[in-house]
Amino acid sequence: MAALGPVRRALLRARGARGDAGGRRGVRALRRSPVRVLQPERPRQSPQSPAGRPQPPPPAAVERGAAAPGLCYEKAAAGDRRLGKVVTLAKSKKFRDNHGKVLLEGHRLIKDALEAGAVPQTLFFSTVGHLKLLPEAEIKRASLVKVKFEDIKTWSDLITPQGLLGIFSKPDPAKMSYPAAQLASSLPLLLICDNIRDPGNLGTILRSAAGAGCVKVLLTKGCVDPWEPKVLRAGMGAHFRVPIISSLDWESVPTHLPAGTQVCVADNNDPDTSPPRGAGSAPASPKAPLKSSPKAAPEHEDEEGAAGIPELAAQHYYEHWARAPAAVVIGGETHGLSAGALRLAASTGGKRLLIPVVPGVDSLNSAIAAGIVLFEGKRQLLGRHKQEDDRQELPVPG
C-alpha cells in the first residue's frame, strides 16, 4: 500500500489538473453572451381568400372630416394625384364621349348644374365654405374631396380659381329640369349652329340663345364640343338653361324641329355691297367653293356640291320673317353656311337674313350675328303674339 502511494498521488494530481482546466472552460462559457441563431427569411405571402386567391393589401388610412351633420368629406393626402388625373382626363373630348363625364368649375356653374338635375360624381374643394353654398341634398350623392388650393390652382383653367371643381355625368337634355323662369319665357324659336368651331363664340352664342328664350339649340357635326371648358366658361350657365343637342348631321336635324318650322339663315353677304368675308356668309354664286366639314373635299367635289345650292330669297333681318315656330342657322366664320343649311332652309320656305354693315368693314363674327338675329326674332314673335291677343279682346259685332 505504501508503494502505491506515489502512484495514486500522481493520478490524483493528473485528475486535478484536468478538472481545473475544465472548470476554467466552464466559467468562460458562463461569461459569454447568448448568441441568436438567424434562420433564412422566407418570402411573405399575401393572405389567402377562402377561394385560395391572394387578397389585396388593406387600404391606407384616410383622413376624413365633416362639413355638416350627415355631410362627410375626405381629405386628400400630400402627393394625391387624383385631382390632376381626373381633370386631365375630363378635359379630353375622347374621354368625355367614351365615359360620359364633364368637368365643371366655379361655384355658380356647379350650382346651376345641381339645380338643373345634373348628377355630380366627385367634388374637389379647398375650403368647407364652398360646400355650404351648394344644395346639400344634391352634393350628398357625390364623393367630396378636400384638396389644397395650390393643387386646384395648378389644374384650373381660370386666372383666379375659386377653389371648386366638379366631375359630373354628362347631362341628358331629356332628363334635365330647367329653371321655371326660363321655361315660362321660352319662345317657339330655335337656333341651329353650323360649323361653329371657336369655343368662345359658341359659348357666347349659347348665352344669347338662353337670353332670347330659345326653346332648343342644335349643333351640327363640325361644331366645337359644347362641354369643352372654354365653351362652358363663355356660356355662363346657359348649358343648364336651354336644351343643347350636339353632333347632328343635316339629315337628322329636321327630326328635332317642330312641325311647320321655317328655317332661315343669317347672312352677312349683302348683294348690294361687295361680298365680305366672315361669319355666316353664303356663297355669292354657284361657282364659289363651299366647305362644310373640317376635312376639305377636293376642289372639283366642292364645285359639284356648290352647284346644287338652292337660291334663297333675301331680306334684311329687321323686316318681318319670324312666324312660330321659327329656326335660325348661324354659320361659322371660317367656312360659312354649309350646303345642308341652305337646302334645309329652302325646303321650309326660309329666307336669307341680311345684316348690313358699312362697306369696307369686315363682317360680324358669329356670336354678334347670332345675338342680333335672335333678339330680333324674339321681338317679332312677341309682337305677333300681342297682336293676336288684341284681336281676341276686340268685341264681336252683334
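This passage describes aromatic ring pairs and the burial of one helix in a predicted model.

A search of the whole structure returns three aromatic pairs. In one of them, the ring centres of Y73 and F125 lie 5.4 Å apart and the ring planes meet at 85 degrees, so the arrangement is classed as edge-to-face, a term applied to plane angles over 60 degrees. This pair connects distant parts of the chain, since Y73 belongs to strand β2 (residues 71-75) and F125 to strand β4 (residues 120-125), with their positions 52 residues apart in the numbering. Both partners, Y73 and F125, are buried.

A further aromatic pair is formed by W227 and F240, for which the centre-to-centre distance is 5.9 Å and the angle between the planes is 50 degrees, a geometry described as tilted. W227 is placed in the loop between β8 (214-220) and α10 (229-235), whereas F240 is found in the loop between α10 and β9 (244-248), and the pair therefore ties together parts that are 13 residues apart in sequence. W227 is buried, as is F240.

Turning to helix α12, which spans residues 339-347, the buried positions are A339, G340, A341, L342, L344 and A345. The elements that cover these buried residues of α12 include three strands, namely β7 (187-194), β10 (262-267) and β12 (326-331). After α12 comes G349, a residue whose phi is positive, with a value near 75 degrees.

How values were computed: Residues numbered from 1 in each chain as written. Predicted model: local features only at pLDDT ≥ 70, side-chain atom pairs only at ≥ 80, totals over all residues. Heavy atoms only, no water. Phe/Tyr/Trp six-rings, centres within 6.5 Å; stacked < 30°, edge-to-face > 60°. Helix = DSSP H or I, 4+ residues; strand = E, 2+ residues; numbered from the N terminus. Buried < 20%, exposed > 50% of the residue type's maximum accessible area, 1.4 Å probe, protein only. Contact = heavy atoms within 4.5 Å.
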